[in-house]
Amino acid sequence: ATLALDVTYAAIQFTCLEQLRKLALRISPTDENGLRKTDPSQLSRQENAIIGFSTGIVSAALTEPFDVIRTRLMTQRGTGPGGFKYKSLTHGLRTAVATEGVMAMWKGLLPRLFIKGIGSLIWYTTYMEARSIYQKGASATLAHKESES
């Protein structure tokens, strides 16, 4: 269940991230020459923060059913009459929907949205800032080496 959640979350996260970066570039204002940003490294910290936060929220909301059942699988007790309530991820999904309704798959969503949104905001903004610093340093090193030759 954890593997299914992590793989699904990552697939949604990186797909969403790429789509939001493309959208941000498409709707970015033009500069004085009428040109738009063409590379994600040109986006501002604020734009990257919004992209990161939005990515975390979308990914968390879409994978919440897996997280609910994974948590239930991990915390269920096998003692007593009937033993375990859920036998697998798919059995847990079917059972929960049948007995509690579809909306039960999004129990506890609000705290997860907050945690994943903030975490993704920090992760993506930090990544893009580190990438920018690295690119500037690499460019300066290359320019220095070219000036020496």
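Is T38 buried or exposed? Select T38 in this predicted model; the residue sits in the loop between helix 1 and helix 2. T38 is exposed, because its relative accessible area is 66%, and the cut-off for that class is over 50%. Add R26 to the selection: T38 and R26 are twelve residues apart in sequence, and their C-alpha atoms are 8.4 Å apart in space.

**The salt bridges of helix 2**

The whole structure contains eight salt bridges. Begin with K37 and E47, whose side chains form one of them, with an N to O distance of 3.0 Å. This pair links distant parts of the chain, K37 being in the loop between helix 1 and helix 2 and E47 in helix 2, ten residues apart. E47 is partly exposed, at 21% relative accessibility, and K37 is also partly exposed, at 24%.

Next, select R45 and E129. Their closest N and O atoms are 3.1 Å apart, and the two residues form a salt bridge. R45 belongs to helix 2 and E129 to helix 4, so this salt bridge ties together parts that are 84 residues apart in sequence. With a relative accessibility of 53%, R45 counts as exposed, whereas E129, at 24%, counts as partly exposed.

Remain in helix 2 and select R70 and D67. Here the closest N and O atoms of the salt bridge are 2.6 Å apart. Both residues lie in helix 2, three residues apart, which is about one turn of the helix. In an α-helix there are 3.6 residues a turn, so residues three or four places apart point the same way. Both R70 and D67 are buried. Extend the selection to E64 and R112: salt bridges that share partners join E64, D67, R70 and R112 into one network.

What is the relative accessible area of R70? The value is 19%, so R70 is classed as buried, the limit being under 20%. To see its contacts, display A1, T2 and L5, which R70 touches when residues up to four places away in sequence are not counted.

**Helix 3 and its two sides**

Now select helix 3, residues 89-100. Its twelve residues should span 16 Å at 1.5 Å a residue, and the end C-alpha atoms are 16 Å apart, which agrees. Which residues of helix 3 are buried? They are L89, G92, T95 and A96. Look down the axis of helix 3: the buried residues fall within an arc of 130 degrees, so they line one face of the helix. Display helix 1 (2-27) and helix 2 as well, since what covers these buried residues includes both helices. On the face turned away from the buried side, select R94 and A98, which are exposed. Then move to G101, which follows helix 3 and has a positive phi, near 95 degrees.

**A nonpolar surface patch**

For the last stop, select F53, F114, I115, I118 and I122. Together these residues make a nonpolar surface patch of about 490 Å². Which helix provides the largest share of the patch? Helix 4 (residues 109-148) does, with four residues. F53 lies in helix 2 (residues 45-75). At 31% relative accessibility, F53 counts as partly exposed.

Note on methods:
Residues numbered from 1 in each chain as written. Predicted model: local features only at pLDDT ≥ 70, side-chain atom pairs only at ≥ 80, totals over all residues. Heavy atoms only, no water. Patch = residues over 30% accessible without salt bridge, like charges linked within 9 Å, V, L, I, M, F, W, Y side chains within 5 Å. Areas by Shrake-Rupley, 256 points an atom, 1.4 Å probe, with all protein chains shown as cover. Salt bridge = Lys/Arg side-chain N within 4 Å of Asp/Glu carboxyl O. Helix = DSSP H or I, 4+ residues; strand = E, 2+ residues; numbered from the N terminus. Buried < 20%, exposed > 50% of the residue type's maximum accessible area, 1.4 Å probe, protein only. Contact = heavy atoms within 4.5 Å. Expected span 1.5 Å × (residues − 1). Arc of directions from axis to C-beta.
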